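Hi everyone, thanks for making the time today. Let me put the structure up on the screen, and then we can walk through it together.

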Protein chains: 2
Amino acid sequence: MTALTIGPAARASGVSAKRIRHYEAIGLLRPAGRTEAGYRLYAAADVHELRFIARARALGFSIAKIAELLDLWRNRSRASADVKALALEQADLLRGRIADLQAMADTLETLAARCEGGARPDCPILEGLAGGSPGD
Amino acid sequence: MTALTIGPAARASGVSAKRIRHYEAIGLLRPAGRTEAGYRLYAAADVHELRFIARARALGFSIAKIAELLDLWRNRSRASADVKALALEQADLLRGRIADLQAMADTLETLAARCEGGARPDCPILEGLAGGSPGD
DNA sequence: CTTGACCTTCCCATGAGGGGAAGGTCCACA
DNA sequence: TGTGGACCTTCCCCTCATGGGAAGGTCAAG
């Protein structure tokens with residue numbers, strides 16, 4: 001049960017020290033305990049929580065959503081339906097972004113395919129950007 | 001050839017007045033002409049350029065890349081190969097982001113599918129976030 | 001002449017931190 | 001005992017691409 005200072009806690013959790021302080025500052029994390037000298041201290045449970053946050057971030061959750069997830073996680077009496085709803089909402093959000101990006105990438109590739117790419121100046125890509133719909 | 005003030009130019013181009021000023025401030029656009037009273041003025045060619053920017057933004061290009069594209073567009077002597085390279089680079093960037101988001105969405109949906117979603121507190125989603133790999 | 005719609009510049013905020021300065025602390029080694 | 005270096009603290013500014021809004025000038029219509 002040795003508590004860690006922020007550096008080792010960062011290395012153990014995969015969340016940078018900078019971020020940990022930031023999360024504390026914005027209230028995502030409860031204020032860490034301190035040594036007499038003012039160093040933050042993290043117990044194993046805190047590191048576990050940090051890893052939870054790191055994973056949630058890796059799934060693209062916003063800090064606000066992570067706050068909800070953490071709350072659900074800390075309150076073990078929560079209903080799993082709530083968690084599922086958050087997860088599916090996040091998946092929907094990601095699917096929406098994916099669709100947007102895909103449309104962009106498709107348009108770009110369509111335009112690029114029509115561009116000979118030589119040294120001559122006529123370029124359907126610029127024309128597409130300048131004037132008509134991408135399908136002009 | 002009536003020049004427009006920033007509001008009409010914004011409406012005609014689809015770029016907000018706020019953004020137009022911003023683009024000028026960061027050097028993406030050359031300083032607009034001014035009336036005696038200091039109002040910015042935009043000719044048809046300027047509005048055309050703004051629409052070019054709006055379209056490029058819609059394809060996800062960063063401001064820095066749009067600066068390159070604008071340069072290529074303004075310099076009609078450019079090689080279309082340069083434009084094509086920018087477009088394909090952007091498409092690659094988007095495809096990379098899409099892959100990342102897709103992995104996240106897939107993980108979320110996998111986890112959610114294993115979650116019964118009832119009122120009981122046991123939830124594979126939280127467990128996935130807390131501890132193991134998503135596939136645990 | 002006033003009203004209201006427009007324009008100007010200016011600063012502050014976002015989200016999610018990173019970079020780095022200035023200064024305090026801790027530990028090991030000579 | 002001291003000192004060096006690695007660590008920690010707070011602080012403020014930077015990002016990126018804007019949006020919001022304040023304070024104040026301008027313009028055209030009624």
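Let's start at the surface near DNA strand C, where the residues sort by class into 7 nonpolar, 6 polar and 7 charged. Please keep in mind throughout that this is a predicted model.

Which residues come closest to DNA strand C? Of the 20 residues that surround this strand, the closest are A:Lys18, A:Arg19, A:Tyr23, B:Gly7 and B:Arg21. Both chains take part in the helical share of this surface: H2 of chain A, along with helix H1 (6-13) and H2 of chain B, each supply at least two residues. The top contributor is H2(A), with 4 residues. As for the strand itself, sugar or phosphate accounts for 70% of its atoms within 4 Å of the protein, and bases make up the rest.

Now a few individual contacts to DNA strand C. A:Tyr23 places a polar side-chain atom 2.5 Å from a phosphate oxygen. A:Ile63 uses a polar backbone atom instead, 3.4 Å from a phosphate oxygen. B:Tyr39 goes to a base: an N or O atom of its side chain is 3.4 Å from a base oxygen.

Let's turn to DNA strand D. Here, too, 20 residues surround the strand, and the closest are A:Gly7, B:Lys18, B:Arg19, B:His22 and B:Tyr23. Of the strand D atoms that come within 4 Å of the protein, 68% are sugar and phosphate. Which helix gives the most to this surface? That would be H2(B), with 4 residues. The side chain of B:Tyr23 has an N or O atom 2.5 Å from a phosphate oxygen of strand D, and A:Thr5 has a polar side-chain atom 3.1 Å from a phosphate oxygen. B:Tyr39 appears again here, with a side-chain N or O atom 2.7 Å from a base nitrogen of strand D.

Next, how do the two chains meet? In this model, 53 residues of chain B are in contact with 53 residues of chain A. The area buried between them is about 4,400 Å², and carbon and sulfur atoms give 68% of that. Three leucines stand out: B:Leu108, B:Leu126 and B:Leu129 supply 16% of the area that chain B buries against chain A, more than any other three residues.

Let me zoom in on chain A. Helix H3 covers residues 44-58, and its 15 residues should span 21 Å at 1.5 Å a residue; the end C-alpha atoms are 21 Å apart, so the two agree. Its buried residues are A:Val47, A:Glu49, A:Leu50, A:Phe52, A:Ile53 and A:Ala56. They are covered by parts of both chains, including H1, H2 and helix H4 (63-74) of chain A and helix H6 (124-130) of chain B. Just past this helix, A:Gly60 has a positive phi of about 85 degrees.

Two more residues before I stop. A:Ala10 is in helix H1 of chain A. Is A:Ala10 buried or exposed? Its relative accessibility is 11%, so A:Ala10 counts as buried. A:Ala10 lies 41 residues from A:Arg51 in sequence, yet their C-alpha atoms are 9.4 Å apart in space.

Finally, A:Arg40 sits in strand E2 of chain A. This arginine is buried as well, with a relative accessible area of 18%. The side chains of A:Arg40 and A:Glu24 make a polar contact at 3.0 Å. Thanks for listening!

Definitions and conventions
Residues numbered from 1 in each chain as written. Chains lettered and ligands numbered in written order. Predicted model: local features only at pLDDT ≥ 70, side-chain atom pairs only at ≥ 80, totals over all residues. Heavy atoms only, no water. Near = heavy atom within 4 Å. Polar contact = N/O pair within 3.5 Å; in protein donor to acceptor, adjacent residues only side chain to side chain. Expected span 1.5 Å × (residues − 1). Buried < 20%, exposed > 50% of the residue type's maximum accessible area, 1.4 Å probe, protein only. Contact = heavy atoms within 4.5 Å. Buried area = accessible area lost by both parts, 1.4 Å probe. Nonpolar A, V, L, I, M, F, W, Y, C, P; charged D, E, K, R; others polar.
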